[in-house]
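Biologist: I am new to this structure and would like to understand how its parts fit together. Please show the sequence and the structure before we begin.

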Amino acid sequence: MIAAQDLTERATYTLRYEDDALGLDKRIEFEAANPAYALKIASVEAAGRRALLLENGQPICALVKGASGDAPFWIVTARR
């Protein structure tokens, strides 16, 4: 069986983290049908960790994980 996401066009997304007190500099690239999948990938990062989200190399927004645990939330801001 083919997943619904496999039937749609995919883009290449990048989560770019800078070296900070919460972790090291890193880039995570993945393909997905939409940028919402980035939240699933970023969910393993520490609360307060900031990432720039790019779509096909173009910045689309910045993400900050506001809390961990059972009720995490995200702060999404304009790209920088």
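Modeller: The protein chain has one helix and five strands, where helices (H or I, at least four residues) and strands (E, at least two) are DSSP runs numbered from the N terminus. This is a predicted model, in which local features need pLDDT of at least 70 and side-chain atom pairs count only at pLDDT 80 or more, while totals for chains, interfaces and linings use all residues. Residues are numbered from 1 along each chain as its sequence is written, and side-chain values use heavy atoms, with hydrogens and water left out.

Biologist: In what order do the elements of the protein chain run from the N terminus on?

Modeller: The chain contains one helix and five strands. Read from the N terminus, their order is β-β-α-β-β-β.

Biologist: What percentage of the residues of the protein chain count as buried?

Modeller: A residue is buried under 20% relative accessible area, exposed over 50%, and partly exposed in between (1.4 Å probe, protein chains only). The protein chain has 80 residues, and the share that counts as buried is 29%.

Biologist: Which element gives the largest share of the largest nonpolar core?

Modeller: A nonpolar core is a set of buried Ala, Val, Leu, Ile, Met, Phe, Trp, Tyr and Cys residues joined through side-chain atoms within 4.5 Å. The largest one has 13 residues, and those touching the most other members are Tyr-13, Leu-15, Tyr-17, Phe-30, Ala-38, Leu-53 and Leu-63. Two or more residues each come from β1 (11-17), β2 (26-32), α1, β3 and β4 (58-65). The largest share, four residues, is given by β1.

Biologist: How far apart in space are Leu-53 and Tyr-13, C-alpha to C-alpha?

Modeller: Leu-53 is found in strand β3 and counts as buried because its relative accessibility is 2%. Leaving aside neighbours within four places in sequence, Leu-53 is in contact (heavy atoms within 4.5 Å) with several residues, including Tyr-13, Leu-15, Pro-35 and Ala-38. Leu-53 and Tyr-13 are 40 residues apart in sequence, while their C-alpha atoms are separated in space by 7.0 Å.

Biologist: Are the rings of Tyr-13 and Phe-30 stacked or not, and why?

Modeller: Rings of Phe, Tyr and Trp (its six-membered ring) pair if their centres lie within 6.5 Å; planes under 30 degrees apart count as stacked, over 60 as edge-to-face and the rest as tilted. A search of the whole structure finds two aromatic pairs. In one of them, Tyr-13 in strand β1 and Phe-30 in strand β2 are 17 residues apart and link distant parts of the chain. Their ring centres are 5.7 Å apart and their planes stand at 25°, so the pair is stacked.

Biologist: Which residues form one aromatic cluster?

Modeller: Both Tyr-13 and Phe-30 are buried. Phe-30 also touches Tyr-37, Ala-38 and Ile-41, among other residues. The aromatic cluster is formed by Tyr-13, Phe-30 and Tyr-37.

Biologist: Why does the salt bridge of Asp-20 and Arg-49 tie together parts that lie apart in sequence, and how many residues separate them?

Modeller: A salt bridge is a side-chain nitrogen of Lys or Arg within 4 Å of a carboxyl oxygen of Asp or Glu. Asp-20 and Arg-49 form one, with their closest N and O atoms 3.2 Å apart. Asp-20 lies in the loop between β1 and β2 and Arg-49 in the loop between α1 and β3, so the parts tied together are separated in sequence by 29 residues.

Biologist: Which backbone oxygen does the side chain of Arg-49 reach at 2.6 Å?

Modeller: Arg-49 is buried, with a relative accessible area of 3%, whereas Asp-20 is partly exposed at 31%. The side chain of Arg-49 reaches the backbone oxygen of Glu-18 at 3.0 Å. At 2.6 Å, the backbone oxygen reached is that of Leu-24.

Biologist: Are Glu-29 and Arg-27 buried or exposed?

Modeller: The whole structure has two salt bridges. The side chains of Glu-29 and Arg-27 meet in a salt bridge at 3.7 Å, N to O. Both of these residues are exposed.

Biologist: With which residues is Thr-77 in contact, leaving aside its neighbours within four places in sequence?

Modeller: Thr-77 lies in strand β5 (residues 74-77) and is partly exposed, with a relative accessible area of 34%. Thr-77 and Ala-62 are 15 residues apart in sequence and 5.2 Å apart in space, C-alpha to C-alpha. The contacts of Thr-77 are Cys-61 and Ala-62.

Methods:
A polar contact is a pair of N or O atoms within 3.5 Å; within protein, one must be able to donate a hydrogen and the other to accept it, and residues adjacent in sequence count only if both atoms are side-chain atoms.
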